[in-house]
Amino acid sequence: LPLLLKATLLPLASGSYHPFYNGFYYNHIMNDDGNGQDKVDYFNGAKLVVETSKDPVYSYSGANVTLPCHYSYEPDQGPKRKIRIKWSKLRDDYTKEQDVMVAIGKAYIAFGDFKGRAHIHRAGQHEASLVISDVRLRDDGKYRCEVIDGLEDESDVVDLRLQGIVFPYQPPRGQYRLNFHEAEQVCEDQGAILANFNQLFQAWSEGLDWCNAGWLADGTVQYPIRLPRKPCGGVHLAPGIRSYGPRHRHLHRFDAFCFSSALKGEVFYLGRLAGMTLEEAKQSCQDAGAEIARVGQLYSAWKFLGLDHCSAGWLADGSVRYSIVTPRANCGPAEPGVRSFGFPSKGRFGVFCYRER
């Protein structure tokens, strides 16, 4: 056995065979030089380094955003052959990836919802930054920038966060009536999506306190508490996000936490002295070249556009609400927020309309 082991190690130790040597290595790659013939290139390789932004990149719905990514070689070897760049969108727990785009040289292909909206920013020789146009709510999340050079494959992750607002939502039928799939739909109907945990945590840190449990995008059910109290987990628990964990997406029923971003358009109020029914309110918005606003649009206008109106108005889901930036007498509680009159079956009110800019 010692002789067999020695015979096996001797060729590896000889100078004629060096798979690794002094920290450098030999790569065996196929290189297309453009004439249709593959050329084998042996070189004393260098370390491939990929770097993205360590801080989150912030954007909002409808905007264009660039996710920075650059690559380099240590030591620098100057211009090299075409490399392959791949961008993927990750789940928060890194267990699943969604292909965004792949690029080789000037040729690229985008996938799924990113078709027609994603391309590589060509500002420099070692640029691999991703440009996403017309940002959508579901674009929020982590992205992996992967650079592939022959056998070399390095990557880094950048976090895209949309500026937005989380709001709790109950349907007209009342509390705890939504399974997961229905919660997804009601948020979409209100110009929003189900919030993720990071978005709910951000809303909690900004003051959101809500005792009713609601679905999040990962299928868990949670709720944010700023002021501990008996009906909301008990007075002895610290403030924070209370969690029921993952629940059955078809059988279990809760409320929803929806997430809406900044608006491309404007929300405005229309009123009549005698008020309007819901159908009259919808028609008034159409006559003004707009549509009746959704709940998510009202929340966004309140947070990002400073919409402050003490008169209540109809919204698209049949609810009646109004938004207050500066609390004052006869306008509800002493805190800023969106007030709700619920879903009145009768009554005449003004209306909030939404119009694209």
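# Close-up views of a predicted protein model

**View 1. Pro75 is found in the loop between strand 7 (69–74) and strand 8.** Here, strands are DSSP runs of E with at least two residues, helices are runs of H or I with at least four, and both are numbered from the N terminus. Look at the link between Glu74 and Pro75: this peptide bond is cis, with omega at about -5°. A quick note for every view: this is a predicted model, so local features need pLDDT of at least 70 and side-chain atom pairs count only at pLDDT 80 or more, while totals for chains, interfaces and linings use all residues. Residues are numbered from 1 along each chain as its sequence is written, and side-chain values use heavy atoms, with hydrogens and water left out.

**View 2. Strand 8 (residues 84–90) is largely enclosed by the rest of the structure, because 5 of its 7 residues are buried.** Buried means under 20% relative accessible area, exposed means over 50%, and partly exposed is in between (1.4 Å probe, protein chains only). Which strands does strand 8 pair with? Strand 9 (residues 97–104) is one partner, running antiparallel to strand 8 and joined to it by 7 bridges. Strand 13 (residues 141–149) is another, also antiparallel and also with 7 bridges. Two strands count as paired if DSSP finds at least two bridges between them. To find the pairings by eye, match Ser88 with Asp99 in strand 9, and Ile85 with Val147 in strand 13. Between strand 8 and strand 9 the hairpin has 6 residues, and Tyr94 in this hairpin has a positive phi near 65°. In a regular strand, side chains alternate between the two faces of the sheet.

**View 3. Strand 13 is largely enclosed by the rest of the structure, since 9 of its 9 residues are buried.** On the side of strand 8, Arg84 has Ile148 of strand 13 as its bridge partner. Strand 13 also pairs with strand 14 (residues 152–162), antiparallel and over 9 bridges. There, Glu146 is matched with Ser155 of strand 14. The hairpin of these two strands has 2 residues between them, and Gly150 takes a positive phi near 65°.

**View 4. Asp134 and Tyr176 are two loop residues with positive phi.** Asp134 sits between strand 12 (130–132) and strand 13. Its phi is near 50°, a positive value in a residue other than glycine. Buried or partly exposed: what is Asp134? With a relative accessible area of 33%, Asp134 is partly exposed. Tyr176 is in the loop between strand 15 (164–169) and helix 2 (180–189). Its phi is near 55°, and this residue isn't a glycine either. Tyr176 counts as partly exposed too, at 28% relative accessibility.

**View 5. Met101 is one of the residues that touch the most other members of the largest nonpolar core.** A nonpolar core is a set of buried Ala, Val, Leu, Ile, Met, Phe, Trp, Tyr and Cys residues joined through side-chain atoms within 4.5 Å. This core has 88 residues, and Leu67, Trp87, Leu130, Tyr143 and Val267 join Met101 in that well-connected group. Helix 5 (residues 295–304) gives the core its largest share, 5 residues. Contact means heavy atoms within 4.5 Å. Setting aside neighbours within four places in sequence, Met101 contacts residues including Ile85, Trp87, Phe111, Ile120 and Leu130.

**View 6. The second largest pocket holds about 480 Å³ of space.** Of its 21 lining residues, Ser61, Leu137, Gly191, Ala192 and Gln297 are the closest to its centre. Strand 20 (255–261) and strand 26 (350–356) are the elements that give two or more residues to this lining. On a 1 Å grid over the protein atoms alone, a pocket is an open set of points where a 1.4 Å probe fits, with protein on both sides within 12 Å along at least five of seven lines; lining residues have an atom within 4 Å of a point. Points are joined across faces, edges and corners, and the volume is the space filled by probe spheres set on them. The lining splits into 7 nonpolar, 6 polar and 8 charged residues. Nonpolar covers Ala, Val, Leu, Ile, Met, Phe, Trp, Tyr, Cys and Pro, charged covers Asp, Glu, Lys and Arg, and the others, Gly among them, are polar.

**View 7. Gln297 lies in helix 5.** With a relative accessible area of 9%, Gln297 is buried. Not counting residues up to four places away in sequence, Gln297 touches Gln190, Leu263, Val267, Glu291 and Tyr354.
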